[in-house]
Amino acid sequence: MDYALTRPDVDGDNLVLIGMSLGGYLAARAVAFEHRFKAAVFFDGVYDLYESMRKLFPAEAIAAYDAGDRDVCQRIVEEKMQTNTPLKWNMNQGTWSFAVPDAAGILDTSRQYTLRDIVKQIKCACLVMEAESDIFFTGQPERVYDELEAPKTLVRFTAEDGAENHCQSGALSYKDEVVFNWIDATLKL
């Protein structure tokens with residue numbers, strides 16, 4: 001932020017932060033502590049990553065994790081990954097992103113990623129986006145929106161508009177139109 005404000009081509013009074021996927025959480029966390037942003041866009045909104053991860057992993061793997069049996073948790077996840085593409089992606093991305101060796105490590109680390117104690121610190125206007133068929137963050141955008149006390153807008157994307165998948169991947173141009181129209185209306189430039 002400090003660097004951006006030194007640039008002559010940056011309007012420091014109208015900075016907007018946009019976060020995509022887990023970036024929806026990271027952007028929300030950033031604007032909770034950095035109050036020089038005038039607006040923020042979360043697509044999609046992520047309130048609590050640990051809750052999302054628990055829904056993504058097979059129930060029997062979660063039961064093993066909760067019982068403290070990390071090896072059984074991992075074996076179940078590896079078995080289910082053979083026929084579950086989102087689970088396989090989540091495991092590959094999660095172990096790489098968090099630099100952890102296994103499913104239990106992803107779950108352990110994801111506990112740190114919550115807006116629970118900080119969402120009310122967000123002061124800038126926020127656009128929270130939700131995709132009705134998002135397989136990763138079901139219910140999370142509504143929680144972000146409901147707990148925000150800052151000026152806020154929730155936009156739901158549906159199959160009707162072709163943007164119902166995670167991060168509106170089926171209709172990125174339409175998503176961009178919604179985002180840029182909201183930014184234009186919010187900044188009133």
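Three worked exercises on a predicted model follow.

Residues are numbered from 1 along each chain as its sequence is written, and side-chain values use heavy atoms, without hydrogens and water. Local features need pLDDT of at least 70, side-chain atom pairs count only at pLDDT 80 or more, and totals for chains, interfaces and linings use all residues.

**Exercise 1. The sheet**

Task: State the strand order of the open sheet, and find which strands stand at its edges.

Solution:
- Helices (H or I, at least four residues) and strands (E, at least two) are DSSP runs, numbered from the N terminus. Two strands pair if DSSP finds at least two bridges between them.
- Four strands form the sheet, in the order E1-E2-E3-E4, with parallel pairing.
- E1 (16-20) and E4 (152-157) stand at the edges; each has a single partner strand, so one side of each lacks a neighbour in the sheet.
- Neighbouring strands are turned by 10° against each other on average, direction ignored.
- Five bridges link E1 with E2 (residues 39-43). Methionine 20 has phenylalanine 43 in E2 as its bridge partner.
- E2 and E3 also pair over five bridges. Here phenylalanine 42 stands opposite valine 128 in E3.
- E3 and E4 are joined by six bridges. Cysteine 126 has lysine 152 in E4 as its bridge partner.

**Exercise 2. Cover on E3**

Task: Determine how many residues of strand E3 (residues 125-131) are buried, and on which faces.

Solution:
- Buried means under 20% relative accessible area, exposed over 50%, partly exposed in between (1.4 Å probe, protein chains only).
- Seven of the seven residues of E3 are buried.
- One face carries Ala125, Leu127, Met129 and Ala131. The other carries Cys126, Val128 and Glu130.

**Exercise 3. H3, H7 and threonine 109**

Task: Describe how helix H3 (residues 49-56) and H7 are arranged, then place threonine 109 in H7.

Solution:
- Axes are lines fitted to C-alpha atoms, for helices over the stretch in contact; angles run from 0 to 180 degrees between N-to-C directions.
- The axes of H3 and H7 come within 8 Å and cross at roughly 150°.
- Angles over 145 degrees count as roughly antiparallel, under 35 as roughly parallel, 65 to 115 as roughly perpendicular, the rest as oblique. H3 and H7 are therefore roughly antiparallel.
- Leu49, Tyr50, Met53 and Arg54 of H3 meet Ile106, Leu107 and Ser110 of H7.
- Threonine 109 lies in H7 (residues 103-110). Its relative accessibility is 16%, so threonine 109 counts as buried.
- Beyond neighbours within four places in sequence, threonine 109 is in contact (heavy atoms within 4.5 Å) with Phe98 and Val100.
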